[in-house]
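Subject: Structure for your files

Hello,

Here is the structure we spoke about, with the sequence alongside. Please open it before reading on.

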Amino acid sequence: MSQHKKIAAIHDLSGFGRCSLSVIIPVISAMGIQVCPVPTAVLSTHTGGFTDMALEDLTEHISDCYEHYKKLGLQFDAIYSGFMTSPKQVDSCLKFLYGNPDALKVVDPVLGDNGKPYSTCTPELMRRMKELVEEADVITPNLTETCMLLGEECPPMMSVSQARSWLARLSDKPRIVVIKGVPLIDDEGQKLSNIGFDRESGSFWRIDWDHIPMHYPGTGDIFTSVLTASLLKGESLPIALNRATTFTEIAVKTTYSYGTESRQGVLFEDCLSWLMTNTVLSDYKRL
Ligand code: PXL
């Protein structure tokens, strides 16, 4: 069996602003895995801080890609989906999931951030995204998306027991649940953490990171890309969480030092060499 793995990445391509396929392709490639992009839409920019974007919807193209790959007998090692422009795109995405039964199925339910749904997120899209989540092995919502999936209010802070309970509730179908950007409070004070749960081993994990007073679009895509590549290479959940969090933190801190406007995203290009060194990590903790 070849050690060279390939991921079908079903995401949009936003030209400016460093998110979705513009970051997914370089990040996963730097980790030695082939990315086969299946664009859901082509945009001039992402929607976080820009208006009047040029948008070309590619809903039909996703199914066409699926049919062509089926004819070619192509099977992917992972299917990784993200931003969808319409509920119909969920159907095309489901074809990829059902048609690649041995693949690692990673669904990033891109629906909102900062306590609010994205302008493109309709109630129907949210309902269909829940269906997609049920077919995944791994899901990586941020706190806003977690609340949208669970039908909960977004809390200003979370205790460890609430965090564990929400992770477990989301893991009804997916085996691995990761929640990004959780303001955790415990005996040692308040920390910003990425947290994870592996239902098979029943283990809960957390990685804390330094709060930077800026919000950069695309960091969720970078995080989930590193996590996906790391898991696909056979790394454990805590190490994958650690690698994804540390890389995102390095990229955010690099960017913050230059004072660039947040809507341009993070200067991850300066940091890609870190991913290639495959640094040994041990910053994870049990949650
Ligand atoms: O990073 C998530 C994302 C992906 N694609 C588009 C977006 C966003 C977030 O704003 O606007 C087009």
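Below is what was found, going from the overall fold to the ligand site.

Please keep in mind that this is a predicted model.

Overall fold. Nine helices and 13 strands make up the secondary structure elements counted in the protein chain. The chain is as compact as a globular protein of its length, because its radius of gyration is 18 Å, close to the 19 Å that the globule rule gives for 287 residues. Along the principal axes, the C-alpha trace spans about 55 × 45 × 40 Å.

Ligand site. The ligand sits in the largest pocket. Around the ligand there are 13 residues, and the closest are Asp 12, His 46, Thr 47, Phe 83 and Asp 221. By type, the shell divides into five nonpolar, six polar and two charged residues.

Three of the closest residues deserve a separate entry, with distances taken to an N or O atom of the side chain:

- Asp 12: its side chain has such an atom 2.7 Å from a nitrogen atom of the ligand.
- Thr 47: here the partner is an oxygen atom of the ligand, at 2.6 Å.
- Asp 221: an oxygen atom of the ligand lies 2.7 Å from an N or O atom of this side chain.

As for how much of the ligand is covered, it exposes 320 Å² when taken alone, and the protein buries 95% of that.

Regards

Key
Residues are numbered from 1 along each chain as its sequence is written. This is a predicted model: local features need pLDDT of at least 70, side-chain atom pairs count only at pLDDT 80 or more; totals for chains, interfaces and linings use all residues. Side-chain values use heavy atoms; hydrogens and water are left out. A residue is near a molecule or strand if one of its heavy atoms lies within 4 Å of it. A polar contact is a pair of N or O atoms within 3.5 Å; within protein, one must be able to donate a hydrogen and the other to accept it, and residues adjacent in sequence count only if both atoms are side-chain atoms. Accessible areas come from the Shrake-Rupley method with a 1.4 Å probe; for residues, only the protein chains shown count as cover. On a 1 Å grid over the protein atoms alone, a cavity is a set of points where a 1.4 Å probe fits but cannot get out, and a pocket is an open set with protein on both sides within 12 Å along at least five of seven lines; lining residues have an atom within 4 Å of a point. A molecule sits in a cavity or pocket if more than half of its atoms lie within 2 Å of its grid points. Ala, Val, Leu, Ile, Met, Phe, Trp, Tyr, Cys and Pro count as nonpolar, Asp, Glu, Lys and Arg as charged, and the others, Gly among them, as polar. Helices (H or I, at least four residues) and strands (E, at least two) are DSSP runs, numbered from the N terminus. The radius of gyration is taken over C-alpha atoms; the globule rule is 2.2 Å times the number of residues to the power 0.38.
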